[in-house]
Amino acid sequence: MISPQLKNLEGLISTQVVSDKGSSLEAYANQILDASLSWKDVRWLKSITNLPILIKGVLTREDATKAMEVGVDGIIVSNHGARQLDYTPATISALEEVVDAVRGKFPVLLDGGVRRGTDVFKALALGAQAVLVGRPVIYGLAVKGEHGARRVIEMLKDELELTMALSGCPSLTDITRTHVRTKHDIGKLQSML
Ligand SMILES: Cc1cc2nc3c(=O)[nH]c(=O)nc-3n(C[C@H](O)[C@H](O)[C@H](O)COP(=O)(O)O)c2cc1C
């Protein structure tokens, strides 16, 4: 039986699984994920807090519609860093479908694969209100502590500003859907993502 041994989590969580049902990895996943969670839990969550509730991990029109129905305050288009499932869609490719479904009812944010200012620009052009960054900040932190983490954000900001200048956008509100081409523009031009 193979147990995933996560060195960085040693002493924090147990990854030792003994199971006679399926693989050890499956048993581990079942142990850390609650499969009973469903959309109705969002309603319960809303009943116990006045804080805004954003649903993370939405990649399709169907889930965006469900999120609207249960009354969330926003959506984060995310594939959780593509660390769970091979061939999960790139979030930048899923963004437009979700933005179209939401029709401006609440903010749509995006994370996953944001590495350059141009990535931020593309997401904003396709209708994201903002992007979130995971690993790049952690890499900066690992290399140079707080300064490294700050530097990564500065680099993204500088690159975004340069992209805006080169695209004729003096402000964020000048970044529009016309600045990128996607498969939705087939017939006009090839995708440029
Ligand atoms: C080490 C690691 C652990 C993560 N754990 C979780 C998690 O428990 N739940 C979750 O929703 N996302 C998790 N994520 C995904 C991040 O929250 C975020 O969606 C992702 O890192 C964004 O993509 P990026 O790293 O390409 O910027 C994790 C990411 C990393 C790198």
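For the classes used here, Ala, Val, Leu, Ile, Met, Phe, Trp, Tyr, Cys and Pro count as nonpolar, Asp, Glu, Lys and Arg as charged, and the others, Gly among them, as polar. On that scheme, the shell around the ligand divides into 2 nonpolar, 6 polar and 5 charged residues. The structure is a predicted model, in which local features need pLDDT of at least 70 and side-chain atom pairs count only at pLDDT 80 or more, while totals for chains, interfaces and linings use all residues. Residues are numbered from 1 along each chain as its sequence is written, and side-chain values use heavy atoms, with hydrogens and water left out. The protein chain averages a pLDDT (the predictor's confidence in each residue, from 0 to 100) of 90, and 88% of the residues score at least 70. The model scores ipTM 0.97 and pTM 0.86.

Turning to the ligand, 13 residues surround it (a heavy atom within 4 Å), and Lys56, Asp111, Arg115, Gly134 and Arg135 come nearest. Polar contacts are pairs of N or O atoms within 3.5 Å; within protein, one must be able to donate a hydrogen and the other to accept it, and residues adjacent in sequence count only if both atoms are side-chain atoms. A polar side-chain atom of arginine 135 lies 2.7 Å from an oxygen atom of the ligand. Backbone N or O atoms also take part: that of glycine 113 lies 2.9 Å from a ligand oxygen atom, and that of glycine 112 lies 3.5 Å from one. Of the 610 Å² of accessible area (Shrake-Rupley method, 1.4 Å probe) that the ligand has on its own, the protein covers 61%.
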